[in-house]
Amino acid sequence: MKGIVRDEKGAPIPGATILEKGTNNGTVTNVDGNFEIKVQADNAVLEVSFIGYQQQAVPVDGKTILDITMHQDLKKINEVVVIGYGTVNKSDLTGSVAQVKAEDLSETPATSIDNLLKGRSAGLQVLSSSGEPGSGSTIRIRGNNSFTDNNPLYVVDGVPMGDAGNLKQINPDDIASVDVLKDASATAIYGSRGANGVIMITTKKGKANESVITVNSQLSWATLLKPFDLIFDPYLYAQLDNESRSNAGYPPLYVGAEQYGTYYPSLMEIASKQWKYKTYWPDVIYRTAQTKKTTVSARGGTDKTKYFISLGYLNQPGIVINNEYEKYTGNVKIDQKLLKNLDIGINMNFSFINQRHSNAAGAQGRSPVFPVYDENGNYFSIGLQDYSNPVAVANEILNKEKNVDFFTTGYINWEIFSGLTFRSNLTVKYGESISDYYEPSTYGGSGYAYHGYGTIGNYEGINLISDNYLTYKKTFAEKHNFNIMAGTSYEKFTQRTSSLIGKDFTNDFLQNQNIDNAATKQVANGSIQTMLLSYMGRVNYNYDQKYYVTFTMRADGSSKFGANNRFGYFPSVALAWNVNNESFFPQSDAWNLFKLRASYGVTGNQAISPYQTLDRLGSSIYWMDGQWVTGYGPGIVYASDSQSRKFYQGLANKGLKWETTAQYNVGTDLGFFNNSLRITADYYSKKTTGLLRLVDVAISSGYHKQYQNDGEVTNKGYEFTLDGNIIQSNNFTWDASFNIAHNKNTVVNYDYHTATVDGVTYIVPSGNNSEFEQFRSPINYLTNGKPMNFFYGYRMDGIVQTQSEGLAAGMVGSMANPGEFKYVDVNGNGEIDAYDQVDLGNPEPKFFYGFNTNLKYKNLDMSVALAGAYGNKVVNFQRLNQGSSKMKRWTVDNPTNDYPSLNSARAVHLSNWWIEDGSYLKLQNITLGYTNDMANISWLKSLRIYVSCDNLWTFTNFSGYDPEVGLNGLYQGAGYPRPTTFTTGLNITF
């Protein structure tokens, strides 16, 4: 038989798949849409499919010629995107919004939400620098705007949840979709909390006329595949340690004598095996950890009642000994139609987390010469005071935490008349935690110093949120489409904390549960309360689905600010043009989507602690007349230094006001080949003014710092996404997506310091973090014209080979000795001083990217996810401690110009020698699965088994363990390394 396949306009569709149902007999249409097939029976049914169109089942009914018309799949074209206080069809979007689809989420097993988002959206940067269970990731949308808080706002089922730390109670298996709001048009509806972007999370819900029970069970094994770059051979370790001390002018330790209470064997004893100990510390500290995760859910309903119920359990031990993490989650969601125009519902979530934190991570560099236990079975101690035996601190130091979180939302949805709907949401979120910490008198610095040190910390937080808004949707004259929203929001947050500290315990048996009997007791407690009152509105209008305009306005009143600046106003406007709906646009399947977008808006940030507009009193304890006396006075201590000097803030600033971020965005959306190939491109420019930060004030005021609005920061960049359905047939499908983003961050108006030396004026950047003992200076700095957190230090010109060379280069004292770093005298004054420091780069990548692909052949499926960054710099604190560096060290016999000699007393400066390229590409996840629809078993709908691997491999030139560090670009060692995790899972649907 023969036939032709056409679209709704009568144009032929080449490449459409024709398959005889129940067989492997099939063909595809030619360039003219024609096909020819020999069927096996007169009553055969042909299944016709093509990307972007609804699949059809066409009975042959004895015919020899068929003329088949296919219809566009409007469901795919008009995917619903969640925005603040409403939804819109994807085709009607005017702002920059990216969506992570449910099918992409369900294919990848994950224990946390941030793992699901990595590499999924252009402009969304996710950094996971710790492998400890329960640790969160650092997430940024379009760069850093602020000196205080740059975390995006998370909204779960319409409820603002704060930052990512509040998402631990959400089970990733319960998530239906994630929408990322990036430009001001999309985020301005959240006003003072929208400056850093918004991530909208929608959880699953019940559907009418279905009943589905799902069981998802996973078993995972986490382990470390990459070896540590350290010296683990006892003889070589001791030899290099002796060399380092000798170069510093200290007597060597490993000489076969007792020193500082410990016997250090000689090199001869170690080489001859007279010294019987040899410890490979990674095997002692780390383990292969087995994780168990199970989620059971049920959903269904009728035309009037819909429900979704989920229970989850996660038992995730860490790869570090005695590190445990256990979580229980639950979700109940019920939607009830009371009347034809009245719906009510409730959404309840709870979580319980029991965690024992890691005490021993990062201790793999301990001397391999010494054992874990001594001859008597006690923990081996190196020296008189040894607080770093990882087994001792893991077993003996108590470090636990329990968290209980519960939030429930009730809603009423009333359709007052056709097109006008009133919705009211009331949410109560409650959280509490208790932490226990105890250092016994024999382990831990505080425990030894105070003869036992214990604390108990308590937290309680209650958040009340009430949202009430009207939505009006109406189409006039068939072409004028309106979607108008107006409403109010009220939020009240109350927090109470308390802590008990005990020092000097009679014994360690009861640990911190015996604080009442400690010789010294301290009690501290606090309470804060904040309120936010908001009015918001939005108008979406489009004419004939060609021309779009969106106006948004939000007014936020915060209790954190004074009466004169209590309210902030955050407007936005967006325009869009669907060029493809114009009559002049060529009607072709080759190019069928062309949209232009532009937006401008203002958002805000109120991320400071409350009461900064008020004068505050503090207290301190003084020793007077033979007793401790508590004194009260103006000011509170915000920091202290190594000399116990205290620094005060607390001076009121009545004029304190919001940070504001103004952003414009231009973008385009393109679709080709019936939207099987899609391109989204955006350019944005953001400027944040009135930055909230602690500023130095005159010491004569009695204070050191005060919160002020000072400084401006810009972020400019582009985002590009390419995704497509490469192959779509009945037996085989292949989808892929690639995204890439570039962001340039610049401090443009910052109150900087200057210094004039020999008639030359230098800009002195402000350190953006505390001093690091290794370099005796801050690492990250702030100054105009540079990105936040840029590195500032000395430029190196190789290694000093002779003392005369060192002196000629401006080195003095021991710095001029052979084998030392040779720094560049930038200002040419003949000496190396603070004014020779220069910009050494910054930790911001030039671009970051992600690639995701999904392949399905019949019942088999495979997905691959990659994520990477390029051009970011990392300060490697451990470069000189790495085994490979020590082996390349400068010696008389190896006068290298790349590595210094070993010297345990060396005073080093931050220089470009310590800074490395942190570019990387990670094979983030690979999953292989098999799904059977179980057609022969009536009570079983489907069964899927899968295997998966996370963090399988990292391609990088970085010499440290992992280049994925925090946004400040500081690598201080492997810390708690991220493991490679192998997972096997079973998903059963009844």
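Which residue in strand 24 does leucine 342 stand opposite? Tryptophan 414 is the one, as the first view shows.

**View 1. Strand 23 sits between two antiparallel partners, strand 22 and strand 24.** A quick note before you look: this is a predicted model, where local features need pLDDT of at least 70, side-chain atom pairs count only at pLDDT 80 or more, and totals for chains, interfaces and linings use all residues. Residues are numbered from 1 along each chain as its sequence is written, and side-chain values use heavy atoms, with hydrogens and water left out. Strands here are DSSP runs (E, at least two residues), numbered from the N terminus, and two of them pair if DSSP finds at least two bridges between them. Strand 23 (residues 342-356) has 15 bridges to strand 22 and 15 to strand 24. On the strand 22 side, threonine 329 is bridged to serine 351, and glutamate 326 to asparagine 354. A hairpin of two residues links strands 22 and 23.

**View 2. Strand 22 also pairs with strand 21.** Eleven bridges hold strand 21 (residues 305-315) alongside strand 22, and the two run antiparallel. Look for lysine 306, whose bridge partner in strand 22 is aspartate 335.

**View 3. A nonpolar patch lies on the surface.** Leu338, Leu339, Ile344, Ile412, Trp414, Ile416, Phe417 and Leu470 make up about 690 Å² of it. To join such a patch, a residue needs over 30% relative accessible area and no salt bridge, and nonpolar side chains (Val, Leu, Ile, Met, Phe, Trp, Tyr) are joined within 5 Å. Accessible areas come from the Shrake-Rupley method with a 1.4 Å probe, with only the protein chains shown counting as cover for residues; a salt bridge is a side-chain nitrogen of Lys or Arg within 4 Å of a carboxyl oxygen of Asp or Glu. Strand 24 (398-417) gives the largest share, four residues, while strand 22 (324-339) supplies at least two. Leucine 338 belongs to strand 22.

**View 4. Three strands make an open sheet with mixed pairing, in the order 53-52-56.** Strand 53 (915-917) and strand 56 (970-971) are at the edges with a single partner strand each, so one side of each has no neighbour in the sheet. Strand 52 (residues 873-876) runs parallel to strand 56, joined by two bridges. Valine 875 faces leucine 970 across that pairing.

**View 5. The largest cavity has a volume of about 160 Å³.** A cavity is a set of points on a 1 Å grid where a 1.4 Å probe fits but cannot get out, and its lining residues have an atom within 4 Å of a point. The volume is the space filled by probe spheres set on the points. Among the 14 lining residues, Gln125, Asn144, Glu844, Pro845 and Leu967 lie nearest the centre.

Terms used: On a 1 Å grid over the protein atoms alone, a cavity is a set of points where a 1.4 Å probe fits but cannot get out, and a pocket is an open set with protein on both sides within 12 Å along at least five of seven lines; lining residues have an atom within 4 Å of a point. Patches are made of residues with over 30% relative accessible area and no salt bridge: like charges are joined within 9 Å, nonpolar side chains (Val, Leu, Ile, Met, Phe, Trp, Tyr) within 5 Å.
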